[in-house]
Amino acid sequence: MNPLIFTTILMTVLLGTMIVMMSSHWLMIWIGFEMNLLAIIPILMKKYNPRTMEASTKYFLTQATASMLLMMAIIINLMHSGQWTITKVFNPTASIIMTSALAMKLGLTPFHFWVPEVTQGISLTSGLILLTWQKLAPMSILYQISPSINLNILLTMAVLSILVGGWGGLNQTQLRKIMAYSSIAHMGWMTAVLVYNPTLTMLNMLIYIMMTLTMFMLFIHSSSTTMLSLSHTWNKTPLTTTLILITLLSMGGLPPLSGFMPKWMIIQELTKNSSIILPTLMAIMALLNLYFYMRLTYSTSLTMFPSTNNMKMKWQFETKRITLLPPLIVMSSLLLPLTPMLSILD
Amino acid sequence: MMTYIVFILSVIFVVSFVGFSSKPSPIYGGLVLVVSGGVGCGIIMNFGGSFLGLMVFLIYLGGMLVVFGYTTAMATEQYPEVWVSNTTVMGVFLLGLLMEVMLVLYVLKSEEVGVVFKFSGVGDWAIYDTGDSGVFSEEIMGVAALYSYGAWVVIVTGWSLLVGVLVILEVTRGD
């Protein structure tokens, strides 16, 4: 793609999310979502083969439906309150429809079916943008309407998302689908605590984005899209196997690493609000996630499977440029001691 | 009948939307889009917005739909699907018509309809002239406000249109 056009389109994706996050008028928010959707389609379709076309079409259809539902919720809110500002949603019907629309945009269950298929059909860099940047805009709207969200619906969607994200990723060998199911599960964790303490949603979003960025950068660096090809990284860059190990365990939520911080805070916040069964269930279902991360680390860093000597060489093109990998790795593994700094967030 | 003209026009609006949602060939979809555009213009005009209604005719029908019609005419197949040619299309069309007819009968018969918001019968669709609207009409002041207070909206929509063109060119470029 012509670099000037590509820069313009990428800037428009950024502009769309910025407009969503900073507007106080519902119509501008809707315009921001549509601008974001329109501009990301050619980014998803960077290579012109039928898989990317199919993935972009699926993405476009689901997100456009979600935008239409959002518009309907906005209009119902307008009819009942007579104003367009985003303070709270004044009508339960509008709130439910809006929550469903934003859940469709995020990829929460029962609207999660597009996430693995779209992520699998596009290139690794496009998948990176899809799973990290595109989650910012709907989450910011959920944050802003969080006082008026129906708790039952949101918690049901969150728990089911954690379940589906864990169970669905169990039989996968394609890395992009694994990251997609991991995204579904993390979105479930984020929305579970949204009504109780939205700050923790933002914390979880921050740490999730850092960890997902790190994982995708490591995959891009070793040009691997399957578990088999990832298991050959010991041959190409032995150091990245250790980094993959640390980052994957951090994503699984294991204690001395920073991925533990959001889960710990979320469970603490939920138990403070006297719900015991829910965080227990969530923690148990996070084990499913941990299982397939562990399987990835097992085949990548911990074992070398017996193979013939010419299978051991990994074919590589020129080394890809990875941006900011060392700071990302440090941040996605060593942030846990900074937990008391949460008191400055509000 | 003239008091209920908005209701009748909105029923025709919904029926033409059902007409293209049942997915005949795009030529016929464009045909009912023309009808729905004209009817939508009528609805807007009944609320006093003569400028916006004429804008719908000129820009939407006369600009965008003409271009759409020409491009579909270039890309059409030998036997395009019409509503009665395919059983599925006809079935969906009749289903949509049936639901609309049931809704209309529900509105006409019962005193109050409370699906998502309440409105009490057909009388709610009639337009009353409630007092004087001042020297200037409201919708012209709305258009003027778009270019003064709503300058940010103009910038954003203008940028979206530009990026829309770039995106379409990129997507249809192929290799």
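The legends below describe close-up views of chains A and B in a predicted model.

**View 1. Annotated membrane spans of chain A.** An unreviewed UniProt entry lists the feature "transmembrane region" in chain A at residues 26-45, 57-76, 96-115, 151-171, 202-220, 241-261, 276-294 and 322-345. Among these spans, residues 26-45 of chain A are 95% helix and 0% strand, and the C-alpha atoms at the two ends lie 30 Å apart. For residues 57-76 of chain A, the helix content is 100% and the strand content 0%, with 29 Å between the end C-alpha atoms.

**View 2. Helix H9 of chain A.** Helix H9 of chain A comprises residues 175-192, and its 18 residues should span 26 Å at 1.5 Å a residue, a value that agrees with the 26 Å between its end C-alpha atoms. Of the 18 residues of H9(A), 17 are buried, so this helix is largely enclosed by the rest of the structure. The cut-off behind that statement is a relative accessible area under 20%.

**View 3. Overall make-up of chain B.** Chain B contains 6 helices and 2 strands, and their order along the sequence is α-α-α-α-β-β-α-α. Of the 175 residues in chain B, 27% are buried, while the exposed area of the chain is about 11700 Å², with carbon and sulfur atoms supplying 73% of it. When contacts in chain B are restricted to residues at least 6 apart in sequence, 60% of them join residues at least 24 apart.

**View 4. Annotated membrane spans of chain B.** For chain B, the "transmembrane region" feature is placed by an unreviewed UniProt entry at residues 5-21, 27-44, 51-71, 83-108 and 146-169. Within this list, residues 51-71 of chain B are 100% helix and 0% strand, and their end C-alpha atoms lie 28 Å apart. Residues 83-108 of chain B likewise have end C-alpha atoms 28 Å apart, although here the span is 85% helix and 0% strand.

**View 5. A nonpolar surface patch on chain B.** Met1(B), Met2(B), Tyr4(B), Ile8(B), Ile12(B) and Val35(B) form a nonpolar patch on the surface, and together these residues have about 580 Å² of accessible area. One of them, Ile8(B), is located in helix H1 of chain B, which covers residues 5-21. The relative accessible area of Ile8(B) is 31%, so this residue counts as partly exposed, and patch membership requires a value over 30%.

Note on methods: Residues numbered from 1 in each chain as written. Chains lettered and ligands numbered in written order. Predicted model: local features only at pLDDT ≥ 70, side-chain atom pairs only at ≥ 80, totals over all residues. Heavy atoms only, no water. UniProt positions renumbered as here; feature names shortened; annotations may be inferred. Helix = DSSP H or I, 4+ residues; strand = E, 2+ residues; numbered from the N terminus. Buried < 20%, exposed > 50% of the residue type's maximum accessible area, 1.4 Å probe, protein only. Contact = heavy atoms within 4.5 Å. Areas by Shrake-Rupley, 256 points an atom, 1.4 Å probe, with all protein chains shown as cover. Patch = residues over 30% accessible without salt bridge, like charges linked within 9 Å, V, L, I, M, F, W, Y side chains within 5 Å. Salt bridge = Lys/Arg side-chain N within 4 Å of Asp/Glu carboxyl O. Expected span 1.5 Å × (residues − 1).
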